[in-house]
Amino acid sequence: MAGLAGSAGRSTMFERNQKTIFVLDHTRYFSIASEEYISMDFLKGKPADTGGTGVGSAGGAGGSGAQFSKSLWTCACESSIEYCRVVWDLFPGRKHVRFIVSDTAAHIVNTWSPSTQNMSHVMNAMVMVGVPSRSMPQSSDYSVIHGLRAAIEALAEPTDEQMAALAGGRPEELPRIPNEGRVICITSARDNTSMKSLEDIFNTVLLQQNALAAAPSKKGLAIDHCHLVILNIVPLGVESLVTNRSLLKISPLLDVEIHTVSAPNISYKLTHLILDHYDLASTTVTNIPMKEEQNANSSANYDVEILHSRQAHSVTCGSDFSLPTSIKQGATYETVTLKWCTPRGCGSADLQPCLGQFLVTPVDVTSRPSSCLINFLLNGRSVLLEMPRKTGSKTTSHMLSARGGEIFVHSLCITRSCMDEAPAIADGPGGRVPDYRTAELGQLLKMSRMLPLKAKDPTSSNLSRRLPRYFPLSTSSTILFHLQRQISWLPHFLHLLVKEDMDKQDEVRCQQHIHELYKSASRGDVLPFTHTNGARLKLSKAKDQYRLLYRELEQLIQLNATTVHHKNLLESLQSLRAAYGDGPLKSETGTSLLRSYTESPLSPERLEPISSGSASGSSNSNSLLKASKRRMSSCGQRSLLDIISSAERSQSNKRLDFSGRLCTPLGQVAKLYPDFGNNKEKDSLTTAGNSGSNVKEESIRI
């Protein structure tokens, strides 16, 4: 068991996103412009000198502006470095990112050592690499394959955490160290065939590396699984022959996905990918008031997008809340929009109902709104964020604050917390329920007690006690048990229904009580509920109450129908319901027993809509009462099937029979469409005659 627990802990420690390697294509193609031009405004009176600098004129009046375009290499470097910045901000020291530049050979930018896992080291190394020269020769030696080979070798190298696990484990557990990783290759291919060759070469090298790791020399760790993400970037407005492809399993060790994206949009694509790679979520803080630089007396509202763990939303949201999401212009992922509230100092009272805190990093760290928000939080202030409810109101669901130079988002508890007053017995799942049947539940618990016998008599039979199979938890969820205090004979009636040894006399008494109920319903008597305060309900409302009462009564009898007398009562009740116009459906008899176990007692009964036309006058009630008496007297000889069949026959006698059955002698089969063949021949002859006449008329016209 200890070995299993240790392996499970290592598998969660060494996840696939622990190792990420960027392979950047440094060939001649990446020196061309991305075709997204950025305008530059110069001071008035100083004309823009664009000669020999590669900066084009803006073509504006006065000549006071110019524009330039980033190269494909610059777009790839900036977006990949921004990717690793987010990773290192949210997972400091836990997730590792490496860079490999590929041209005629693979150039290692950094290693798994913590001293090279920082922004300054990577950016200084990228400055030394520089933009690819346009004077590079077009040769097969310049290829991204060198970088992919080096990436597989880098995945086989252990990190400091893996080295510690290897040093601390037993020798027989050394091969069990998980080793997974992800390779993100930013390149540009001609077509799908070139992409397929890259996949095949990568898979072949991966198998070769695992073979070396399994050899006696053991060159590195075996790679359990690798996720290869290929980003095929092109200049803006250029169509690529490489098609996008979602995640595809190439082999048990390799999954590959391909994305074709224009160079200016590669940052949005990597932001979208990092959400899935590290289980992150995007949140946009809206309506942030900030003062303008030009006019300090006025302020404008800005939005700032931040990234954090997805759990910051999942631990807070419940069924009563809905996350407002939107898609930012140019992006393909959703961001949760939360509104800025009045800031205040971060006190202990705000953090007590906190469900969790997670590190936060801005998406655009160089923008002025992001910088203002970060400085505001680092100065010791906190910001509450609002989330809308489904009912239309709002509540504060998150809080932004800084601790030790790092910014966190706190997920606040928006429901009952442990710091609140302890819940009373009246607080149920649906809110405050003040009518629990506490006394009846106590009696049921006493009935359910099992005590051991001191000595067992071998001659006596096993003691058996029948417990009730239907017990509503609250008074408002039942009609039968709610009326026990208002109707004198109802407690005795319910006691007879659950008797295990019901006899014929008990059955007759129950029949009389059921008949009394229907007699009260036919008179239009209102059930004596305590909340009616003596007010008389409408006839339709009273009928609905009786229908609910009959259905609950039928459900109670079904659950206790163990004797013949119970079954007779059930058939009698069902026939009376049919006479009253509330007959059960074919599936209702079988599903009512299942519903009693699966549905909560606090759930309302599912009723079919009752038309207002079913409410009748006193004459209709008398006829229903007479029909009920006749059916009750004959229920012992007739089954429910006989009653339904006779009702269907009486309805069928009112309409005309099928003409084929009337015209066909007894014992023969009626033929459908007897003139079908003759009519077809007549139609052909008629068509031929019409065509001949048409020809004749045409000849006359000529």
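These exercises, each with a worked solution, cover strands, rings, backbone angles, cysteines and one helix.

The model is predicted: local features need pLDDT of at least 70, side-chain atom pairs count only at pLDDT 80 or more, and totals for chains, interfaces and linings use all residues. Residues are numbered from 1 along each chain as its sequence is written, and side-chain values use heavy atoms, with hydrogens and water left out.

**Exercise 1. Place strand 1 among its neighbours.**

Step 1. Fix the elements. Helices (H or I, at least four residues) and strands (E, at least two) are DSSP runs, numbered from the N terminus. Strand 1 spans residues 19-25.

Step 2. Find the partners. Two strands pair if DSSP finds at least two bridges between them. Strand 1 pairs with strand 5 (residues 96-102) in the parallel sense, over 7 bridges. Strand 7 (residues 180-187) also runs parallel to strand 1, joined to it by 5 bridges.

Step 3. Pick out residues. Leu24 has Val101 of strand 5 as its bridge partner. Val23 has Cys185 of strand 7.

Step 4. Check the cover. Buried means under 20% relative accessible area, exposed over 50%, and partly exposed in between (1.4 Å probe, protein chains only). By that rule 7 of the 7 residues in strand 1 are buried. Lys19, Ile21, Val23 and Asp25 point one way; Thr20, Phe22 and Leu24 point the other way.

**Exercise 2. Trace the aromatic contacts around Phe22.**

Step 1. Set the rule. Rings of Phe, Tyr and Trp (its six-membered ring) pair if their centres lie within 6.5 Å; planes under 30 degrees apart count as stacked, over 60 as edge-to-face and the rest as tilted.

Step 2. Search. The whole structure holds 7 aromatic pairs. One of them is Phe22 with Phe99, stacked at 5.3 Å centre to centre with 10° between the planes. Phe22 sits in strand 1 and Phe99 in strand 5, so this pair ties together parts that are 77 residues apart in sequence.

Step 3. Check exposure. Phe22 is buried at 0% relative accessible area. Phe99 is buried at 0% too.

Step 4. Extend. Ring pairs join Phe22, Tyr83, Phe91, Phe99 and Tyr278 into a cluster.

Step 5. Add charges. A charge sits over a ring if NZ of Lys or CZ of Arg is within 6 Å of the ring centre and within 35 degrees of the ring normal. Lys95 meets this over Phe91, 5.8 Å from the ring centre. Arg98 does so over Trp112, at 5.0 Å.

**Exercise 3. Examine two positive phi angles.**

Step 1. Recall the background. Most residues other than glycine have a negative phi.

Step 2. Take Asp279. Its phi is positive, about 55°. Asp279 lies in the loop between helix 7 (266-277) and strand 11 (280-291). Its relative accessible area is 40%, so Asp279 is partly exposed.

Step 3. Take Asn287. Its phi is positive, about 60°. Asn287 belongs to strand 11. At 34% relative accessibility, Asn287 is partly exposed.

**Exercise 4. Count the disulfides.**

Step 1. Apply the cut-off: a pair of cysteine sulfur atoms within 2.5 Å. The count is 0 disulfides.

Step 2. Look at two cysteines. Cys84 is buried at 0%. Cys372 is partly exposed at 31%.

**Exercise 5. Test the span of helix 6 and find its contacts.**

Step 1. Compute. The expected span is 1.5 Å times one less than the number of residues. Helix 6 (residues 192-214) has 23 residues and reaches 33 Å between its first and last C-alpha, close to the expected 33 Å.

Step 2. List contacts (heavy atoms within 4.5 Å). Buried residues of helix 6 include Leu198, Phe202 and Leu206. The buried residues pack against helix 4 (145-156), strand 7, strand 8 (225-234), strand 9 (245-251) and strand 10 (254-262).
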